[in-house]
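Visitor: I have not looked at this protein before, and I would like to be guided through it step by step. Could we begin once it is on display?

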Amino acid sequence: MTLNRQDAAHVAEVLSEALPYIRRFVGQTLVIKYGGHAMESEELKNGFARDIVLMKAVGINPVVVHGGGPQIGELLKRLNIESRFVDGMRVTDSQTMDVVEMVLGGLVNKSIVNLINSHGGSAIGLTGKDARLIRARKLKVTRQTPEMTKPEIIDIGQVGEVASINKDLLHMMVQGDFIPVIAPIGVGADGESYNINADLVAGKVAEALNAEKLLLLTDIAGLMDKQGNVLTGLNTEQVDALIEDGTIYGGMLPKIGCALDAVQAGVRSAHIIDGRVPNAVLLEIFTDSGVGTLITNS
């Protein structure tokens, strides 16, 4: 591809404006959770891949953790396997786990890797089972109502939480100029597979790598107040207050929880950004205004 003079001048102007931000993040690791509508639109998929390749080209180290819930649900429906959820988590029996591994570790992961590589990157796909990248344990779900004398323990099958991350493997890949693309499947002590929420995996990967930023792509504009205004520049105390007064509730709680855990564990900042916006990742990194909610521990 060649640029005419007008296009080249525009590229030079954009790079000049972004240069201070590029210098700030050169050599730093950024963990990006990729999911939602950004994974479904062809335009957004290609834009995301180009953004990841550009980040690596200018010396920033992106690590991608992806979801795939809609794709899993679609295949389960085609196979006439019922999808059931408890507190927003997919009940995962052995049959469902086979589908999760097939979709996340195969179809979705390899599609993202291929897309990044087709735009000039060097991506490598991994599940948490590769070199025991994600050691997991069974997630215990409890429920209690005022009428109960003790909590009810609900078995949701092979759903896990992160016990530890093999950070040495990821460091080796990053230092070798590769872009890790991680499917959120963990491995237990006895080799069993676990389906893990991708946001939680991204947060734990960011903690393990002492990442500069954790970016969580969503299908909303960011964390909003009760009037629908996007909130940003929040610290952990302000987020806790928003949880307490009911501004943050429901499905946003796990995402906020992993962002809080990450910044409290040393990640410099966490960002909840709108993956429906073209080039959302670059806009969040290379502009002052960004495209979502910034959370820090200060």
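Visitor: How do the residues of the lining of the largest pocket divide into nonpolar, polar and charged?

Guide: Please keep in mind that this is a predicted model. The largest pocket holds about 1,200 Å³ of space, and among the 45 residues that line the pocket, those closest to its centre are Lys33, Gly88, Asn197, Ala198 and Asp199. Sorted by character, the lining residues come to 18 nonpolar, 15 polar and 12 charged.

Visitor: Which residues with the UniProt feature "binding site" does the lining of the largest pocket include?

Guide: The feature comes from an unreviewed UniProt entry, which places "binding site" at Gly68, Gly69, Arg90 and Asn195. Although these positions are spread over 128 residues of sequence, they cluster in space, with a largest C-alpha distance of 12.0 Å. Of these residues, the pocket lining includes Gly68, Gly69, Arg90 and Asn195.

Visitor: Is Arg90 buried or exposed?

Guide: Arg90 lies in strand β4, and its contacts beyond four places in sequence include Ile72, Leu76, Phe85 and Ile156. Because buried means under 20% relative accessible area, the 11% computed for Arg90 makes this residue buried.

Visitor: Which residue's backbone oxygen does the side chain of Arg90 reach at 3.2 Å?

Guide: Among the residues that Arg90 touches are Asn195 and Gly69, and Gly69 has its place in helix α3. Gly69 counts as partly exposed, at 31% relative accessibility. The backbone oxygen that the Arg90 side chain reaches at 3.2 Å belongs to Gly69.

Notes: Residues are numbered from 1 along each chain as its sequence is written. This is a predicted model: local features need pLDDT of at least 70, side-chain atom pairs count only at pLDDT 80 or more; totals for chains, interfaces and linings use all residues. Side-chain values use heavy atoms; hydrogens and water are left out. On a 1 Å grid over the protein atoms alone, a cavity is a set of points where a 1.4 Å probe fits but cannot get out, and a pocket is an open set with protein on both sides within 12 Å along at least five of seven lines; lining residues have an atom within 4 Å of a point. Grid points are joined across faces, edges and corners, and a volume is the space filled by probe spheres set on the points. Ala, Val, Leu, Ile, Met, Phe, Trp, Tyr, Cys and Pro count as nonpolar, Asp, Glu, Lys and Arg as charged, and the others, Gly among them, as polar. UniProt positions are given in the numbering used here, feature names are shortened, and annotations may be inferred rather than shown by experiment. Helices (H or I, at least four residues) and strands (E, at least two) are DSSP runs, numbered from the N terminus. Buried means under 20% relative accessible area, exposed over 50%, partly exposed in between (1.4 Å probe, protein chains only). Contact means heavy atoms within 4.5 Å. A polar contact is a pair of N or O atoms within 3.5 Å; within protein, one must be able to donate a hydrogen and the other to accept it, and residues adjacent in sequence count only if both atoms are side-chain atoms.
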